[in-house]
Amino acid sequence: MPAVQETIDQVRSIDVDQYKYGFETEVEMEKAPKGLSEDVIRFISAKKGEPEWMLQWRLDAYKRWLTMKEPNWARVSYDKIDYNDIYYYAAPKKNPAPKSLDEVDPEILKTYEKLGIPLREQEILAGVEPSSRVAVDAVFDSVSVATTFKEELKKAGVIFMPISEAIREYPDLVRQYLGSVVPVTDNFFATLNSAVFTDGSFVYIPPGVRCPMELSTYFRINEKNTGQFERTLIIADKGSYVSYLEGCTAPKRDENQLHAAVVELIALDDAEIKYSTVQNWYPGDAQGRGGIYNFVTKRGDCRGKNSVITWTQVETGSAITWKYPSCILRGDNSRGEFYSIAVSNGMQQVDSGTKMIHLGKNTTSRIISKGIAAGKSENTYRGLVSAHRKATGARNFTNCDSLLIGNQCGAHTVPYIESKNATAVFEHEATTSKISEDQMFYCQQRGLSEEEATALIVNGFVKDVLQQLPMEFAVEAQKLISISLEGSVG
Amino acid sequence: MLEIKNLVVQIEDKRILNGLNLTVNKGEVAAIMGPNGSGKSTLSYVIAGKEDYEVLDGEILLDGQNLLEMEPDQRAAAGVFLAFQYPLEIPGVGTMTFLKAALNAQRKARGQDELTTPDFIKQVNAAAAKLEMPKDMLKRALNVGFSGGEKKRMEILQMALLQPSFCILDETDSGLDIDALRIVSEGVNSLRSPDRAFLVITHYQRLLNHIVPDTVHVMHGGRIVRTGGKELALELEANGYADYRESEAA
C-alpha cells in the first residue's frame, strides 16, 4: 500500500520535536495597537474600507461581548487569556490588492510553497495537475493575498472572494446573511469574532449552479500574538452545489495564540454544501507549551427543503480545540452530516463534536466521529441531537468510536439527546478500543515496524471518514494523522 | 539454522524456561510435544520476540544472527515466522492491505523492490486457492469474524506468501476439523524445502500424521527432556506424558 509507505517515510523524515510547519515568514506587517477597544474596531473597519452599517455591527458586538463570560463547560483547561494582550489586526504591508501572483510578496509565496499549497495557478491552468482543480483563496493572517481561478468562477456566476471585498462589492448579500446562522450574540468567542473579524472567505453559488471546482482556503497565523478571527460565509442558493475545503497551519510559537473563527453556511431549497477541514495547527511542544487555542463556531443552516450540509473534519493540530460544527435542519427533508477524525497526542486537549438540531419534518442526520488519543492527551466527543416538537419523522444515526494508544491518554464521549417529538428515531452507537500489545506484536511478527503497524491500524480505524474527503486531500490527511501520532508508541 | 543454548526465561518472576537447548537444522521439521504448561508457547514467543518475557540467560541464533538483539519485525525480516495459536483480529484493516504492507515491509528490510500490485494479487490468489479459501475472506478485515479454522488457514496463507526460512507452528491443529487439518497440513507440506526449517508445536500425535516430523522433542519443565525420531510421537500418544510427570514428582 504505497500511501502507507509514503506516510511512514514522511514520519521518518521529520524530527521528533520539530513541527514541520514551524517557520516564520519575514514580511513587514502593519498592526493595530495591542488590545481591544472601540478605537481598534474603528481602525480595523477603516482599514477595510467598510460601510457604516458594518462598523455599527461590529461595535454592537463589542458592547455585547463586554458583558459576556468566557464559557468553561468544555473538558479543557488553560491559563486565563488576556484579551488586551493580543493584536487584533495584522496585515502584510506591501499588499494593497495584487492582481496576479507576480504581485504577491515572494516571501509569502515561499511560505505557501513550504506548506505545499497548490497556488501555482499557471501550472494548474496549463494542465500540469488536471486532477486537482482547486481554487485557493489564501488568507495570510488577516488579508487575502491571492485569489485564484476568479475568472473561471465568475463565468459560472460563482462569487468567491475575501469577505472584506464582498462587504464592499456585494453589501446586500452579505448584510442579508451575515450573522443569520451564528447570531452576533451566540457565544463569547463568536461575539468577539463579530467585533474584530479581519478577513475570511465569502462564497455565493447562484441558483441551479454546480460549482465547477473545489473551493479551498488556507489559513495561516504568522505574526506573533495575533489572534486570527476569520469569518466565512457560504451561501448555496436554490438547487446549487459547492464543496469547500479549509486547511490550516501555523508556525511554531511559544505564546499561545487565540483562533476564534466563525463559519456560517446557508443552504436554500435543494442545495448542497460540503465543508471539509484539515486542521494541523501547531499543537504545542511535549510539555504543553505553546500551541493554538482553536475556539471556533461553525454552523450550517439547512434553510430550504431537501437541502444538505456535510461537515467533514480532520483535526490533528492545536493545543486546545473547542469546536462543534453543527447543522440546523430547518427545511423539510433536509439532511445534516458530520464526519470527524480528531487526533490528539502529547498534551493536546480536544473537546469537539456536533449539534444536529431537527426542526423540519422528515429531517435526517448522521454523525460519524472517530477520536484517537495518544500521549497524555484528552479527547472528548460532545454532541447534541435534538428534535423540535414539529420535527415529525426526524432520524439520527450516531456512531462514535474512540481509539486509545498508550495508557496515559483519555477518551470521553458526552452525547446529549433531546426529543420533543414522539416520532423521532435517534440511534447512538459508541465504542472505545485500544491498540493492544498483542495486536502490535502480531503485526510486528509479520514484518511491520511499530510505526507501520500503528499507521495501518489507525488508517483502518478512520477510513470511513477519510472516504468523505475530496480525493486529493484524503491522502494528505492520512499522512497528517500518521505524523501527528509519531512517537506515540513504544 | 536455529540454535538455542541454555535459554532461561521468566515472566513476572515465574521461571518458564530452564536452560533449554535446541538445534533445528536446515530442511528439518522438528516437533515439540509436551503437556500443558511445559513452556512450549513461551518458547515460540521468545523466538519471535514478544515483550513481557525476560530472558535471563542463553542465546538464540538464526543462521548465526543473535535474535535476542533484534526487534520482532527485524526477526521477521530475517526469516522467522510464527503461526499463532490464537491469531489476532485487526479491525478496519483489510486482509489484502495487511498482507501487502507486511510483504513489502519485509522486502524493503531485505533491500528488495516492492511487489507490483498485479504480481501481489496473483501470488495471494494462488496461495488462497491452494488452501481452498473462499475469495470473500480476502475482502474482509484481517481475521475479523473468521472462524477458528479460517484464522489458521490465514496464518498458513501468510506463511506461503512471506516465504520465511524458519517457521514455527504453535498448536496449529487446535480448533481444526478433519478437513481443515488436511488442508492446512498440505499447505505446510508444500512449503517444506531443503532451505526451510519448521518447529511444530503440538499436544497431539494427530497433526504429526499429516506433517511428518524428522525429529520429535519432548518438552517438560521448561527444557527438552527427550529427543527422538517420529516414532517418539507414537509412543507419547500411547503412554501420555505420565512418565515425565512422575519424574518431576520424584
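This passage walks through several parts of a predicted model, mainly in chain B.

A good place to start is helix H5 of chain B, which covers residues 148-162. At 1.5 Å a residue, its 15 residues should span 21 Å, and the end C-alpha atoms are indeed 21 Å apart, so expectation and model agree. H5(B) is mostly covered, with eleven of its 15 residues buried. Among them are B:Lys152, B:Arg153 and B:Glu155, along with B:Met154, B:Ile156 and B:Leu157. What do the buried residues of H5(B) pack against? Their partners in chain B are strand S6 (80-83), helix H3 (95-109), helix H4 (117-130), strand S7 (166-170) and helix H6 (178-191). Just after H5(B), the backbone at B:Gln163 adopts a positive phi of about 50°.

Next comes a sheet. Four strands of chain B make up an open, antiparallel sheet in the order S2-S1-S4-S5. Strand S2 (14-24) and strand S5 (65-66) lie at the edges, each pairing on one side only. Strand S1 (residues 2-11) is joined to S2(B) by eight bridges, and the two run antiparallel. Within S2(B), B:Val24 is the residue opposite B:Leu2. Helix H1 of chain B (residues 40-48) packs on this sheet, where it touches S1, S2 and strand S4 (54-62). The direction of H1(B) makes about 70° with that of S2(B).

Strand S9 of chain B (residues 215-220) has neighbours on either hand to follow in the model. Five of its six residues are buried, so S9(B) is largely enclosed by the rest of the structure. Four bridges link S9(B) with strand S3 (residues 29-33) of chain B, and these two strands run parallel. Here B:Ile32 has B:His217 as its bridge partner. With strand S10 (residues 223-228) of chain B, S9(B) shares five bridges, this time in an antiparallel arrangement. B:Met219 is matched by B:Ile224 in S10(B). Two residues lie between the strands of this hairpin, and B:Gly221 takes a positive phi near 60°.

Finally, consider the nonpolar core. In soluble globular proteins, nonpolar side chains tend to be buried together. The largest nonpolar core in this model has 190 residues, and those with the most contacts inside it are A:Val203, A:Ala236, A:Ala267, B:Phe81 and B:Ile168. Helix H11 of chain A (residues 450-466) supplies the largest share of this core, eight residues. Leaving aside neighbours within four places in sequence, B:Ile168 is in contact with residues including B:Ser44, B:Ile47, B:Phe81, B:Leu199 and B:Ile201.

How values were computed
Residues numbered from 1 in each chain as written. Chains lettered and ligands numbered in written order. Predicted model: local features only at pLDDT ≥ 70, side-chain atom pairs only at ≥ 80, totals over all residues. Expected span 1.5 Å × (residues − 1). Buried ≥ 20, exposed ≤ 12 C-beta atoms within 10 Å, placed from the backbone. Contact = placed C-beta atoms within 7 Å. Pairing = 2+ DSSP bridges. Axes fitted to C-alpha atoms, helices over the stretch in contact; angles between N-to-C directions. Core = buried A, V, L, I, M, F, W, Y, C linked by C-beta atoms within 7 Å.
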